[in-house]
Amino acid sequence: MGESVTVIFDFDQTIIDDDSDLWVISELGLTHLFNQFRSTLPWTSLMDRMLKEVHSQGIAINHIADCLKRAYFHPSIISAIKSAHALRCDLKIISDANTFYIKTILEHHGIWDCFSEVNTNPAFVDEEERLRITPFHDSTLSPHSCHLCPPNMCKGLVIDRIRGSLPENKRRFIYIGDGQGDYCPTLKLEGSDFVMPRKDYPLSNRIFSDPKLVNAEVHEWSSGEEFESILLKLINKLAIQIKM
Ligand SMILES: [Mg+2]
Ligand SMILES: [Zn+2]
């Protein structure tokens, strides 16, 4: 039914309730150090720096994975993702977290295979067994010219790439997010698309500060139950429109 529908999810505070970067930092007791470095480094470098500290304290990568597995994941959001996948929607993630955090959490909840694509900052394990995070866009070159987005990632560019890769009749999007970084991709949506901002979070506040700038139809959600019911309703609506 949903073959022609692409659902694009932000990850932190959208799929999972918390921010995975901040969750790991607080679970490992590094909040104080994080606050010290916060204003001095761009986000991806800051996370890489925090993981250097984790490594130097002798904390193993599987301990980081255990923290991630404890992050709260609303059961209705898990079931929404499974249902959207079963309806044959194409599910993708665009996130400013990293490949290791996202894969660890989604595998733990048995839904990694529901997603066709995860666009995020690459993570790798170096020769010292230290987890490293690198920016999604190479920051040594001028990464992108978007003034709305941080240097390491413009989510709008990813939307452009995805839209360009799809045949005309499959370019129908539902975008779900919460943060400032989700505003640029929201502006890339068209009148036949939907955006689901998390209510009272920066994305919804930004959208409603000047709603006429957004072409897509806006549907806010607050709880996991609302997330599930609204997403399934919108998939249905798009599928019917496409058939007509
Ligand atoms: Mg987010
Ligand atoms: Zn952008």
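**Two domains and a helix crossing**

In this predicted model, 12 residues of domain 1 are in contact with seven residues of domain 2. On the domain 1 side of that meeting place, two elements each give two or more residues: strand S2 (90-98) and helix H6 (99-108). Of the elements there, H6 gives the most, putting in four residues. As for chemistry, the domain 1 side that touches domain 2 splits into six nonpolar residues, five polar ones and one charged.

It helps to see where the two domains sit along the chain. The domain assignment builds domain 1 from the pieces 5-16, 73-121 and 134-243, while domain 2 is the stretch 21-69. Measuring from centre to centre is another way to place them: the C-alpha centres of domain 1 and domain 2 are 26 Å apart.

Now for a pair of helices. Helix H1 covers residues 20-27 and helix H4 covers residues 61-69, and their axes come within 10 Å of each other. The two axes cross at roughly 115°, and the crossing of H1 past H4 is right-handed. Which residues make the contact? From H1 come Ser20, Trp23, Val24 and Glu27, and these meet Ile64, Cys67 and Leu68 of H4. Sorted by type, the residues of this H1 and H4 contact are five nonpolar, one polar and one charged.

How values were computed
Residues numbered from 1 in each chain as written. Chains lettered and ligands numbered in written order. Predicted model: local features only at pLDDT ≥ 70, side-chain atom pairs only at ≥ 80, totals over all residues. Axes fitted to C-alpha atoms, helices over the stretch in contact; angles between N-to-C directions. Left-handed = near helix turned anticlockwise from the far one by under 90°. Nonpolar A, V, L, I, M, F, W, Y, C, P; charged D, E, K, R; others polar. Domains from an automatic or database assignment.
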